[in-house]
Amino acid sequence: QKRRNVPAVSLFIVDELHLLASNAVMEIIVSRMRYIEKDRKKRIRIVGLSASVANASDLGDWIGAKGLSLFNFHYNARPSPLELRVQGFDTNYFAARQLNMVKPAYLAIKRHSPRKPVLLFVPSRKRARQLALDMVMLAAADHRPRRFLHADEADLEKPLQLVTNEALKRTLTLGVGFYHNGLSAAERRVVTTLYNAGALQVVVSEYKLAWGMPMAAHLVIVCGTQSYDGQAHRYVDYPITDVLQMTGRACRPRRDPISKCIIMCHSPKKEYYKRFLTHPFPVESELDQRLADHLNAEVVTKVVQNLQEAVDYLTWTFYYRSLVKNPNFYNLDGTSHRHISDHLSELIETTLDDLEQSGCLQIEDETELTPVNLGMIAAYYYIQYTTIELFAKSLRARTRLRAMLQIVSSASEFDDVLVRHREERALAKLARHLPLKIEGASFTDPHTKVNVLLQAHFSRVALSAAVGEDQRRVLPQVSRLLQAIVDVISSKGWLRPALLAMEMSQMVTQGVWSNQSPLLQLPHFTAEMAAECEKLEVESPLDVLEMEDDERARVIGRALAASSKNAQEAAAKMGDIAKMCNSWPSLEVRHTVVDADEIESGQPVLIKVELEREDDDDDDSDSSDEEDSDEDDNSEQAKARRAKIAAKRQKKASTVKGVPPGMAPRYPVPKSEGWWLVVGNAETNELLSITRVAMKRDLSVEKVQFVAPAEGKHDLTLYLMSDSYLGCDQEFKFTINVAAGGDDDSSSGSDDSDSDSD
């Protein structure tokens, strides 16, 4: 309804359709496209691609592919025929079973693929490294240490310069690589390039990377089909879809007449894998377990406005079609129209009751659904309704940093953060050295791990490759949750916790505590370098630009030279610092209270705010001063100067440059900078207004509006807050005199201020 490009879609292609068995989001998206087709009365061609499934006709009926439009291929219909073997191991103990698979895997390579490429999949990163070393040792014991190397050693010299992992460097020189997310992007590219070029014959990979790795093989060996689940604290089987993806890596059309795959598993699971890897498997929906968040989004967008529309909405889903086909799977007592109707009504009523209790919507007259502020925030920021309920109940007017950190870490989005086997010991040891202690914490809890990871990020503690990867996945989610927290707090009208959440967003983006020097945001800057700069009254990146060249070389250049291998590396580091300093935002703020002499209690107050980005090439950097000095000068020269300044500002205001990218060396993904304009009373902790600003132009004119407080004189503050940079915030105090309004019952509108998600 609100996005013009969506109704224009005529062709919709969805790949890996069989994954909706574990992905309710995919089911909702496809269902929405079907609903849009009916609502707009415009034909949309939907093309679904999937593995061979047992209930292909049900999937086809759901997406509108019937009759000659439905193609259900046999499992053996592959670009390259697959020879599949399942080998069982009787050892019950997981670690011992993994060790017992090493020698059979090596012998399988010698027998089935002595010269052609091989991929081995293992449960963890640690196991990938160890199995690669084991393959090298077994080849050496066979008196052929370079059995798996199909290139001259001289050809490897240049690629190996990009590898810092010593174990990987050692195995690559012998034709074996390992591949997991703990490696740097450059190291993964080296492994991929050498393997695809034929220099490496064997690569050992963590099983989760089977989905995105750009490598295929003649022989695939799956060394074990279980991994450790940190939430359940036990070993669990791989999803069958993951096993299918790994077997699918054994496919090199036009190069191999036949591909081969060996599954090594625990003996009791042998028949299970024989059955599901040689026959199509049924796809079932899990939408009933994930319905609340999606239904809340539909209520917010007004697609669903009452109970009947909610039930009708379910009829567009694959879940509805699966109820009749497999009623026992969904705990359905019968398949009659009455049974299905009662089941859907009960599901909808239970889900809506949960949403109402969490404060996301209101049910009026027992049937009408009305979204409320918390539900809008949850839908806008794509967070779970249980998380928004937690925020609303936990945040207080006097919330401090320790509590804010605990609240963010407790979000439901982090329920699936992996706590690896015996990792709790390392987390507990790390937590003892962090500034904010976690009292009574369970270090097997994923939320405690998130708390530790955030504090380690702010303290810049070096982490292992696996834990560092977990940290990089957590940080973007935390930024999104903090945006939602700002909206929740602003709807309650609290100033100090809102400013605290904004500062925490800066901390997450830059990886530094808010009470540390802003200079630590610069790349390669250390605490010692920041301390030396502060002795010279250099306290911000803009001050670094103003330093004399010889002074900058003495303080910063000397420190960089001491920490670099050579002059070229030191120069490159200095270039990184200069780039961020030159991109550092410098905003000039001008604000005016419109009709300041006519403010009445309970009436809207308007503040006009001009935000102007100052550029290095701005030859009129003192334009505001010139304009003020020329204000009473009516000479032709003064008029010309004022006209020039006005024209330049008009050009800045009309030229759209897009949201500037944020400079954040320690943030794992690209991030655009954003700003908040906040009006509040610092003395009473009252937030009166909040506006989100994107700064797409060099000159942005914003209108900040709030409801005038009670009659009298009020000292207020206008805050300009960044979501990305520490030390860029500005505040401007101003006073308003409020006269008595026509309605004596008028009150502050802070509790009714709209979230910026509206």
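Here a biologist and a modeller talk through some features of this predicted model.

Biologist: Let's begin with tyrosine 382. Why does tyrosine 382 count as exposed?

Modeller: Exposed means over 50% relative accessible area. Tyrosine 382 has 56% relative accessibility, so it counts as exposed. You'll find tyrosine 382 in the loop between helix 15 (373-381) and helix 16 (385-394).

Biologist: And what is the phi of tyrosine 382?

Modeller: Positive, at about 55 degrees, although tyrosine 382 is not a glycine. Arginine 422 also has a positive phi, near 70 degrees, and is a residue other than glycine. Arginine 422 sits in the loop between helix 17 (401-409) and helix 18 (423-431).

Biologist: Now the strands. How do you know that strand 11 and strand 12 pair?

Modeller: Two strands pair if DSSP finds at least two bridges between them. Strand 11 (residues 361-364) and strand 12 have four bridges, in the antiparallel sense, so by that cut-off they count as paired. Look for glutamine 362, which stands opposite threonine 370 in strand 12.

Biologist: What do strand 11 and strand 12 form, and which residue in the turn has a positive phi?

Modeller: They form a hairpin, with three residues between the strands. Aspartate 365 in the turn has the positive phi, about 55 degrees. Strand 12 (residues 368-371) also has two faces: Leu369 and Pro371 are on the covered one, Glu368 and Thr370 on the uncovered one.

Biologist: On to the sheet with strand 16. What makes strand 16 and strand 19 edge strands?

Modeller: The four strands of this open sheet run in the order 16-15-18-19, with antiparallel pairing. Strand 16 (686-693) and strand 19 (730-738) each have a single partner strand, so one side of each is left without a neighbour in the sheet. On average, neighbouring strands here are turned by 20 degrees against each other, direction ignored.

Biologist: How many bridges join strand 15 to strand 16?

Modeller: Seven, in the antiparallel sense, with strand 15 covering residues 675-681. The cut-off is at least two bridges, so the two count as paired. As one example, glycine 680 has leucine 687 in strand 16 as its bridge partner.

Biologist: Which helices lie across strand 15?

Modeller: Helix 20 (residues 465-492) lies across strand 15 and strand 16, at about 145 degrees to strand 16. Helix 21 (residues 496-510) lies across strand 15, strand 16 and strand 18 (712-722), and runs at about 15 degrees to strand 18.

Biologist: Last topic, empty space. Why is a space called a cavity?

Modeller: It is called a cavity because a 1.4 Å probe fits there but cannot get out. Four cavities of 30 Å³ or more are counted, and the largest has a volume of about 50 Å³. Its lining includes Phe94, Arg97 and His266, and helix 3 (94-100) and strand 10 (259-266) each supply at least two residues. The largest share, three residues, comes from helix 3.

Biologist: How does the lining of the largest cavity divide by class?

Modeller: Into three nonpolar, five polar and one charged.

Biologist: And what makes a pocket something other than a cavity?

Modeller: A pocket is an open set of points, whereas the probe cannot get out of a cavity. The second largest pocket holds about 1200 Å³ of space. It is lined by 45 residues, with His18 and Leu49 among those nearest its centre. Helix 9 gives the most to that lining, five residues.

Note on methods: Residues numbered from 1 in each chain as written. Predicted model: local features only at pLDDT ≥ 70, side-chain atom pairs only at ≥ 80, totals over all residues. Heavy atoms only, no water. Axes fitted to C-alpha atoms, helices over the stretch in contact; angles between N-to-C directions. Contact = heavy atoms within 4.5 Å. Buried < 20%, exposed > 50% of the residue type's maximum accessible area, 1.4 Å probe, protein only. 1 Å grid on protein atoms, 1.4 Å probe; cavity = no way out; pocket = protein on both sides within 12 Å on 5 of 7 lines; lining within 4 Å. Points joined across faces, edges and corners; volume = space filled by probe spheres on them. Nonpolar A, V, L, I, M, F, W, Y, C, P; charged D, E, K, R; others polar.
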